[in-house]
Amino acid sequence: MAQVFRNLTAVLEAAGSDTEHILKATVFLADMADYNLMNEFYRRQFKGDPPARTTVQVARLPRDARIEIEAIAILKK
């Protein structure tokens, strides 16, 4: 999970934003049994309240990953 957030942070920074500017995230889990662990980790990644989120279980992710996160963010001013 930590790698997913490092990747997400890098993509946001390259686009001129950061995790504090995420409006909504979609989390794709290979196994919903990982939900509680992911939820705790997700909350720790943000100062204050985390952004809105949808979480779904999927049959398979690329490279057999266990988690993928898609985010919508605004640019930093």
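The following exchange goes through the salt bridges and the nonpolar core of a predicted model.

User: Why is Asp-18 said to form a salt bridge with Lys-76?

Analyst: The closest N and O atoms of Asp-18 and Lys-76 are 3.9 Å apart, and a salt bridge requires a side-chain nitrogen of Lys or Arg within 4 Å of a carboxyl oxygen of Asp or Glu, so the pair qualifies. The pair links distant parts of the chain, with Asp-18 in the loop between α1 and β1 and Lys-76 in the segment after β3, 58 residues apart.

User: What makes Asp-18 count as buried?

Analyst: Asp-18 has a relative accessibility of 18%, and buried means under 20%, so Asp-18 falls into that class. Its partner Lys-76 stands at 43%, and because partly exposed covers values between 20% and 50%, Lys-76 is placed there.

User: How do you know that Arg-66 forms a salt bridge with Asp-34?

Analyst: For Arg-66 and Asp-34 the closest N and O atoms are 2.6 Å apart, which is within the 4 Å that the rule allows. Arg-66 lies in the loop between β2 (52-57) and β3, while Asp-34 lies in the loop between β1 and α2, 32 residues apart. Asp-34, at 16% relative accessibility, is buried because the limit is under 20%, whereas Arg-66, at 46%, is partly exposed. These two residues also belong, together with Asp-31, to a network of salt bridges.

User: Why are Arg-60 and Asp-64 both called exposed?

Analyst: Exposed means over 50% relative accessible area; Arg-60 reaches 62% and Asp-64 reaches 53%, so each residue passes the limit. Arg-60 and Asp-64 form a salt bridge with each other, the closest N and O atoms being 2.7 Å apart.

User: How many salt bridges are there by this rule?

Analyst: The count comes to 4 salt bridges.

User: Which residues of the largest nonpolar core touch the most other members?

Analyst: This core has 14 residues, and those that touch the most other members are Phe-5, Val-27, Met-38, Tyr-42, Ile-67 and Ile-69. At least two residues of the core come from each of α1 (2-14), β1 (22-29), α2 (35-44) and β3 (67-73).

User: What is Tyr-42 in contact with, leaving aside its neighbours within four places in sequence?

Analyst: Apart from those neighbours, Tyr-42 is in contact with Phe-5, Ala-25, Pro-50, Pro-51, Ala-52 and Arg-53, where contact means heavy atoms within 4.5 Å.

Definitions and conventions: Residues are numbered from 1 along each chain as its sequence is written. This is a predicted model: local features need pLDDT of at least 70, side-chain atom pairs count only at pLDDT 80 or more; totals for chains, interfaces and linings use all residues. Side-chain values use heavy atoms; hydrogens and water are left out. A nonpolar core is a set of buried Ala, Val, Leu, Ile, Met, Phe, Trp, Tyr and Cys residues joined through side-chain atoms within 4.5 Å. Buried means under 20% relative accessible area, exposed over 50%, partly exposed in between (1.4 Å probe, protein chains only). Helices (H or I, at least four residues) and strands (E, at least two) are DSSP runs, numbered from the N terminus.
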